[in-house]
Amino acid sequence: MKLKKQVTVCGGAIFCVAVFSLYLMLDRVQHDPARRQNGGGNFPRSQISVLQNRIEQLEQLLEENHQIISHIKDSVLELTDTGAVSPSGQLPFRSANGSWVLPFDGRPTFLSVKPQDCQFAQGHRGQTDLQMLDIYSLLKFDNVDGGVWKQGFEITYEPGEWDSEPLQVFVVPHSHNDPGWVKTFDKYYTDQTQHILNNMLVKLTEDPRRKFIWSEISYFAKWWESSDTHKQEAMRKLILGGQLEMVTGGWVMTDEANSHYFAMIDQLIEGHQWLEKNLGVTPRSGWAVDPFGHSATMPYLLKRANLTSMLIQRVHYSIKKHFSSSRSLEFMWRQAWDTSSNTDIFCHMMPFYSYDVPHTCGPDPKICCQFDFKRLPGGRVNCPWKVPPRAIVDANVAERAHLLLDQYRKKSKLFRSKVVLVPLGDDFRYDKALEWDQQFLNYQKLFDYMNSHPEMHVQAQFGTLTDYFSAVYKASGVPQGFRPPGYPVLSGDFFAYADREDHYWSGYYTSRPFYKTLDRVLESHLRGAEILFSLAVAHARHAGMEGRYPTSDYTLLTDARRTVALFQHHDAIAGTAKENVVIDYGNRLLHSLQGLKRVIINAAHFLVMKNKDVYLGFGLILPRSLLVRYLVLFNPVEQDRLCVVTVLVNSARVRLLTEDGQTLPVQLSAQWSTATQMSAEVFQASFMVRLPALGLAVFHLYDSADSPMTLRSDTLLRLSDRGLTVHNVEPLPLRSQAADPLPFYVSTQSLTLGFSGTTGLLEVSGWEEDRFCPVQMQFVTYGTRSSKDKSGAYLFLPDGKAKPYSQKGPPVVRVVEGPLFSEVVAFYQHFQQTVRIHNVPGADGLSLDVTIMVDIREQSNKELAMRLVTDIQSDDTFYTDLNGFQMQPRRHFLKLPLQANFYPMPSQAYIQDSQYRLTLHSAQALGVTSLESGQLEVILDRRLMQDDNRGLGQGLKDNKKTANRFRFLLERRSIEESRASIVSLYFPSLLSHMTSAILNHEVLALPVLPKKRGIPPLHTFAPLKAAVPCDFHLLNLRSIQHQDTNSPSSYTALILHRKALDCGLETINPGFNCTTTEGQLTVSSLFRNLDLQLLQPVSLSLMYSSPPLGNDSSVSLEPMEISAFRLRLR
């Protein structure tokens, strides 16, 4: 008799990307029957259901503190005991030291890193004139009052300086349109942006001398799609005629602190592809006036996209003053690792406080404000300096022109050329026809007067950003984008930003961590969906089934690309928008996540079917057959992967078989409803699997009588409350004991961890009994200042050093041990710490999997931080990543306030000495520092009750229960390396790169839902014919849009990043075959069962093409290089 059980498979609790992440992150959904009814959803009736809609909906409940409501529908996997007996391998057993030894699949793995591939990290950094860390050491940061230019100095000049070479002035009108901030994206568009663009069309056409620049393609595309063909043609004519310039051309003006480089590139591609398709224009110059600090990653990406120049604005006022005094505000920005000049891009730094009109014409805002003609008397905006503008008439034009020219001349003294850039705009300016007339008519009178008086030695005009840069290059006698003679070269970045006093914008590195986490979940899904969709379309084309694959999914991909791109906006991922705007972003993120699941379902479904003839897009023709139960696992990493996967099931009788019938060991554990209460309905089933690179592996799940390969976790509750009774749920054992202060340990074959008996927190980490390194985990809190300015969404203004976190009673501590993983969970009032180690060979078993579930909604003006304390002799130096792309050295400066020593950490930070390196890998962007030698400290969440006076008008009170996920990786330096001094360049090791990959690209579990008629046979899909070199990262495999329709073309963009390796750390078996090839990759031999018909190098945003390579050519990448290629696969 066949036993039928329903087993809920909620996929991947190594936070297997969406499920367990969202399962844990969102305010834990109560098991409410009303919420669990009706299956529905918008998913196709496919057999593979990705967590069948465990999708959360954010509802607009501003008055009710915006509670997150999760509408979660379970994926059901029907299991049948077939009575099949499968060959069982060797059983797991305990070794003498108590750790479990596992049967292994026996496949040998080898590591072959060529010495040449290590030399890059051993070299010295390129020599530059300006190195930002050196400049930080040099500056006093003393904030001396500079007079009318408060943060600068008095500027003087000789009247005859321009006699031989007149001053060229380019006034560049602009309007900064935030895609969401105090209003939502759509509300801004309706209220202001559409009017700006409609007025632009009329007012620029009135006079060919008028110019304008536009940055945010998200808004421009929305306007374009709602405009008729006459408007579109008129706008196209303005752009092609040079009156309107598209600057940067990204979907948004991206945040540069918290954004991951995958998303930074994706939003740039989305904007550039839209421009190419609809306008045929290619941006030349970058414009970033509002991101709160600037990353060195951005110039690299713009350079790779073939832009020639860029502009930045929000830089620490002391750095602006220093650069102004040495006339270094324009420089070639070079990557720290570049020993040539290949990565150089010309950069202009705006010298003054803001990008608004009072701070752009020259050093005196009182005078510049008089030339912002929107502020003419009678309007809604006035000048804070109490001297209003005056309309330009014949009677005052001479006096006004000379007053303005004096500011232009003073500003030009800060630069090396006699060309001056004067932006003319502010947030959402030019939304009324009146302002267009006020600005353009009055300025044109001033220009006409200046230009008609040769004795003034000035040529003034409206211009675009590229007009300005072209004039600088021409005056210097160099081609576009080349280094003008004598101009300095700079390396480094511009964090942390301070706009005045000690007001450091280091709070937004952590603000609203829930959404920072959700963003990365969506990015990982987007990358996975892009890859599977591209492969599915190519295989359908190869099989002659082009018309039968649902390429309508491309619309869902486009929607998700644009959602991820929109969220990279510098008020979105930064966490600095109003609460209702944050909810709007959240709804978009979750809607796109749902769409991506559908894309993944359809692509995976098609790719694992043995007989693709029965595939009919959204459904299946199902031959009658025995009911076979499948679980499909997707590995989004470009290397084979040996790892532990956890699924939730509602039966304790589980057997898991590989595709060929081999029974795998399963560790059965409790799913906990509270700290001490096991769930009686749901269990965790964990198993070790080897998954093919970028592949889909098929497994069979059965409801089975007791199997010797199903091993139960052993659970111990350490309790301080003697009156608390605990009950186990059969068949899982549960013990409890009174907590004692003695440390306790958990071990795997690779690692041993020691925990405090009192706190339940990590104290030591080691490899063997006698080789421990203290790694003590502490939790601390910061308050905010009691008077004057306080912390808010942007600013971190603490009330002094952090105080130890304390609560009344000791925590409940749960210790779970088993053959595949062991974990320690400590329950505190405002957070829950989980430290898990996996007992598998390779990368997954060599680091600590740490989750801190944070809930500070009861707190007021508090910031919770996790501090790691070690005896590593790191002194005052630590390293943080920039956008997940590169590492940047930092120093803790005592001359700076505490908040100035925090930096963004999108993906990792480390400290090191001659023996050890401790890396904190992060699955979400947060703020990090090292305030003492041997320490790393990360801010987990911040709840602030007031605005910080930067325009938002709100505090941070909409906190969510948030899972912050990390990996701790402790590495030893090899003996020969430890004797030498630590190299001057700074890169992760191969193991560290892999650790980051497994944290950020979790295995995705796809349960198969069988129908009564059975399902067709499925088989493992391994798309790669050859291994990708293990220093290569496949950043994306992105279907390129069709020029005429919203469907994919026959082309795919392959984007590769070759990572640089620090080989000076001990090399441990990574768990897969790892070879390097000195940067060579043969693309034609990469994909199994596909023919490569085109291999064409293109620029990073796909706009510029080089001649195609031979299809059998190998491509070559230098370390750190990101390159893109247009492929045609079939």
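I began with charges over rings: the charged end of K222 sits over the ring of Y189, 5.3 Å from its centre. I used the rule that NZ of Lys or CZ of Arg lies within 6 Å of the ring centre and within 35 degrees of the ring normal. I also found R836 over the face of F821, at 3.7 Å from the ring centre.

I note that this is a predicted model, with local features needing pLDDT of at least 70, side-chain atom pairs counting only at pLDDT 80 or more, and totals for chains, interfaces and linings using all residues. Residues are numbered from 1 along each chain as its sequence is written, and side-chain values use heavy atoms, with hydrogens and water left out.

Next I looked up aromatic pairs, taking rings of Phe, Tyr and Trp (its six-membered ring) with centres within 6.5 Å, and calling planes under 30 degrees apart stacked, over 60 edge-to-face and the rest tilted. I got 60 aromatic pairs by this rule. Y261 and F885 have ring centres 5.4 Å apart and planes at 45°, so I entered the pair as tilted. Y261 lies in helix α8 (a DSSP run of H or I, at least four residues; strands are E, at least two; both numbered from the N terminus). F885 lies in the loop between β41 and β42, so the pair ties together parts 624 residues apart in sequence. Both Y261 and F885 are buried (under 20% relative accessible area; exposed is over 50%, partly exposed in between; 1.4 Å probe, protein chains only).

For Y828 and F831 I have centres 4.7 Å apart and planes at 15°, so this pair is stacked. Y828 is buried at 15% relative accessible area, and F831 is buried at 3%.
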